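Okay, hi everyone, thanks for squeezing me in. I've got one structure to walk through today, so let me put it up on the screen.

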Amino acid sequence: QVQLVESGGGLVQAGGSLRLSCAASGRTFSTYAMGWFRQAPGKEREFATAIDWSGGRTYYADSVRGRFTISRDSAKNTVYLQMNSLKPEDTAVYYCACARTGRWSPLPLGREEYDYWGQGTQVTVSS
C-alpha cells in the first residue's frame, strides 16, 4: 500500500513559479513510476508529467513541456513538480499518483494506469 500527500499549492501571479511536493509512504515507493495530473473546474483530470523509478526517464504533456519539471528523491520518498512561467490556464487541482509498473515498462500516461492517488493540492494562477 502507498499513501500520497501533496503540498505546495497556492496562489501565484502569471509568470511566477511554484514547487509541489508529494510525500509517499511505503517501502516499495522507490520501485514505482510516479505522475502528476491536474483537473480544472468542469474538466476531466488530465496527465501532466511522469517519471520512472530511477528518475532517468520523464515525459511531459505538450501543455507543460518546457515549463514544468518533475523529479524525485527516493531517499526522502518524495516527488516534486517545479512549475515555472505559470499561466492562468494552469489553474487546477494537482494530483500526485503512483503506478505499480515494472521498472522497465513504458511510462504510464493514462489515469487508468495509476494505482494510488493523493488528495490533491490547489494551484491558482492569477492574470
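I'll go from the overall fold to the surface and charges, and then to how some of the strands pair.

First off, keep in mind that this is a predicted model. So what is it made of? Strands: the protein has eleven of them and zero helices. If you read from the N terminus, you just get β-β-β-β-β-β-β-β-β-β-β. The radius of gyration comes out at 14 Å, close to the 14 Å from the globule rule for 127 residues, so the protein is as compact as a globular protein of that length. For the box-minded among you, the C-alpha trace spans about 40 × 25 × 25 Å along its principal axes.

Next, the inside. Of the 127 residues, 45% are buried. And if you take contacts with a separation of 6 or more, 60% of them come from residues 24 or more positions apart.

On the outside, about 6400 Å² is exposed, with carbon and sulfur atoms supplying 47% of that area. As for charges, there are 14 positive and 11 negative ones, and their mean positions sit 5 Å apart.

Okay, strand pairing. Have a look at E3, residues 18–25. With E1, residues 3–7, E3 pairs in the antiparallel sense over five bridges. One spot to click on there is Glu6, whose bridge partner in E3 is Cys22. E3 also pairs with E8, residues 78–83, again antiparallel, over six bridges. In that pairing, which residue of E8 does Leu18 stand opposite? That would be Met83.

That's my tour, happy to take questions.

Definitions and conventions
Residues are numbered from 1 along each chain as its sequence is written. This is a predicted model: local features need pLDDT of at least 70, side-chain atom pairs count only at pLDDT 80 or more; totals for chains, interfaces and linings use all residues. Side-chain values use heavy atoms; hydrogens and water are left out. Helices (H or I, at least four residues) and strands (E, at least two) are DSSP runs, numbered from the N terminus. The radius of gyration is taken over C-alpha atoms; the globule rule is 2.2 Å times the number of residues to the power 0.38. Buried means under 20% relative accessible area, exposed over 50%, partly exposed in between (1.4 Å probe, protein chains only). Contact means heavy atoms within 4.5 Å. Accessible areas come from the Shrake-Rupley method with a 1.4 Å probe; for residues, only the protein chains shown count as cover. Lys and Arg count as positive and Asp and Glu as negative; His and the chain ends are not counted. The place of a charge is taken as NZ of Lys, CZ of Arg, CG of Asp or CD of Glu. Two strands pair if DSSP finds at least two bridges between them.
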